[in-house]
Amino acid sequence: MRLGLSSYSLDREIENKKMTLFEVMDFAAAQGAECMELVPFAFRFDDEKTGSIDFSAIAQARKYARDAGLALCNYSVLADFCKEGEELEKEIARICHEVDIAAELGVPRMRHDVCAFRRPQAKNTLSDFEIWLPVMAEAAHRVCEHGKKRGVKTLIENHGFFANGCDRVERIMQKVDHENYGLLLDTGNIVCVDEDASVAAKTLAPITKMVHLKDFYIRTRDPGDATQFDCAGSWFRSRGGKYLRGAILAQGDLDMYAVLGALKNSGYDGDIVIEFEGLEDAKYASAVSLQNARRIWVE
């Protein structure tokens with residue numbers, strides 16, 4: 001098992017010009033991280049307008065990570081395949097372009113969504129899921145085929161409120177039906193659809209190729225300052241109406257001993273990456289989360 005950090009954990013620091021991506025790499029390595037996931041929100045490896053890939057920036061990132069002793073283990077992007085016609089074709093082409101960037105970065109995996117995170121709650125029903133499942137699966141299969149040609153395994157993540165939950169994730173995996181397709185299990189996101197994180201870890205371990213290790217505070221009564229979708233540090237709502245907020249790993253309400261125990265006892269030995277998105281100082285939270293994850297895994 002390799003333990004690492006997602007660059008998303010320090011996204012605010014990069015966005016606010018407090019840290020560069022290279023400084024994030026140095027920080028992760030100093031905390032004992034062995035691998036890093038790259039999430040291009042506060043930075044990019046292409047021109048936003050033309051799409052031209054910045055091969056120089058990619059080469060710099062690869063070298064810097066290597067010199068820091070970090071394996072670049074994954075590249076994560078947003079996507080929405082709940083579209084039709086030309087809009088869907090454009091989205092598939094865009095995600096295949098992201099696969100090309102991942103290939104140039106030398107990462108073995110790339111996670112992409114199959115639907116929008118902010119999809120209206122009224123359209124997250126099971127009947128809606130059944131309608132869009134063939135479309136999402138076909139699009140993911142096409143991206144997966146492109147990933148196979150480029151040497152990049154594509155992953156779905158249990159993310160948001162639509163393509164989330166053990167049953168729906170397994171349905172998507174079965175429908176895509178490709179050896180180059182796997183699951184990035186997010187231990188925090190599963191509570192967005194009110195499922196138990198340790199049960200999900202045990203259930204989904206056989207198809208899991210990578211783990212986002214994340215903790216949440218969970219409340220049943222309004223703690224104030226809550227929105228529906230703004231989860232980057234704020235309180236937001238689960239599909240069933242609970243109040244959630246990102247937490248430092250093992251300081252929130254998820255039983256991390258049960259979650260990591262379920263993964264370990266299931267034989268999972270792949271990459272585990274900390275993804276922090278709470279209110280606490282991101283550097284402090286990331287450091288403590290890494291320490292806790294390492295300690296709990298051993299215990």
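**From the nonpolar core outward**

The largest nonpolar core of this predicted model holds 99 residues. Within that core, Leu38, Phe45 and Tyr75 have the most contacts. In soluble globular proteins, nonpolar side chains tend to be buried together.

Take Leu38 as the way in. Leaving aside neighbours within four places in sequence, Leu38 is in contact with Leu21, Met25, Phe43 and Leu72, among others. Its list also includes Phe45 and Tyr75, the two residues named beside Leu38 for contacts inside the core. Leu105 is another partner. Polar residues appear too: Ser7, Asn74 and Ser76 are in contact with Leu38.

Now step back to the whole fold. The protein has 9 helices and 11 strands. Its radius of gyration is 18 Å, close to the 19 Å that the globule rule gives for 299 residues, so the protein is as compact as a globular protein of that length. Along the principal axes, the C-alpha atoms fill a box of roughly 45 × 45 × 40 Å. Of the 299 residues, 57% count as buried. Contacts reach across the sequence: among those with a separation of 6 or more, 81% join residues 24 or more positions apart.

The surface comes next. The accessible area is about 12700 Å², and carbon and sulfur atoms account for 47% of it. The protein carries 38 positive and 48 negative charges. The mean positions of these two sets are 1 Å apart.

Helix α6 gives a local view. This helix spans residues 166–176. Its buried residues are Cys166, Arg168, Val169, Ile172, Met173 and Val176. What covers them? The cover includes two helices, α5 (126–150) and α7 (197–204). It also includes the strands β5 (153–157) and β6 (181–186). Just after α6, Asp177 takes a positive phi of about 50 degrees.

Strand β6 contains Tyr181. Is Tyr181 buried or exposed? The cut-off for buried is under 20% relative accessible area. Tyr181 has 4% relative accessibility, so it counts as buried. Its contacts, not counting residues up to four places away in sequence, include Ile172, Met173 and Val176. Those three residues are among the buried residues of α6. Tyr181 also touches Lys153, Thr154, Leu155 and Ile156, positions that fall within β5 (153–157). Ala140 and Cys144 are further partners of Tyr181, and both positions fall within α5 (126–150). His112 and Val114 touch Tyr181 as well.

Val199 offers a final distance. Tyr181 and Val199 are 18 residues apart in sequence. In space, their C-alpha atoms are 22 Å apart.

Key: Residues are numbered from 1 along each chain as its sequence is written. This is a predicted model: local features need pLDDT of at least 70, side-chain atom pairs count only at pLDDT 80 or more; totals for chains, interfaces and linings use all residues. Side-chain values use heavy atoms; hydrogens and water are left out. Helices (H or I, at least four residues) and strands (E, at least two) are DSSP runs, numbered from the N terminus. The radius of gyration is taken over C-alpha atoms; the globule rule is 2.2 Å times the number of residues to the power 0.38. Buried means under 20% relative accessible area, exposed over 50%, partly exposed in between (1.4 Å probe, protein chains only). Contact means heavy atoms within 4.5 Å. Accessible areas come from the Shrake-Rupley method with a 1.4 Å probe; for residues, only the protein chains shown count as cover. Lys and Arg count as positive and Asp and Glu as negative; His and the chain ends are not counted. The place of a charge is taken as NZ of Lys, CZ of Arg, CG of Asp or CD of Glu. A nonpolar core is a set of buried Ala, Val, Leu, Ile, Met, Phe, Trp, Tyr and Cys residues joined through side-chain atoms within 4.5 Å.
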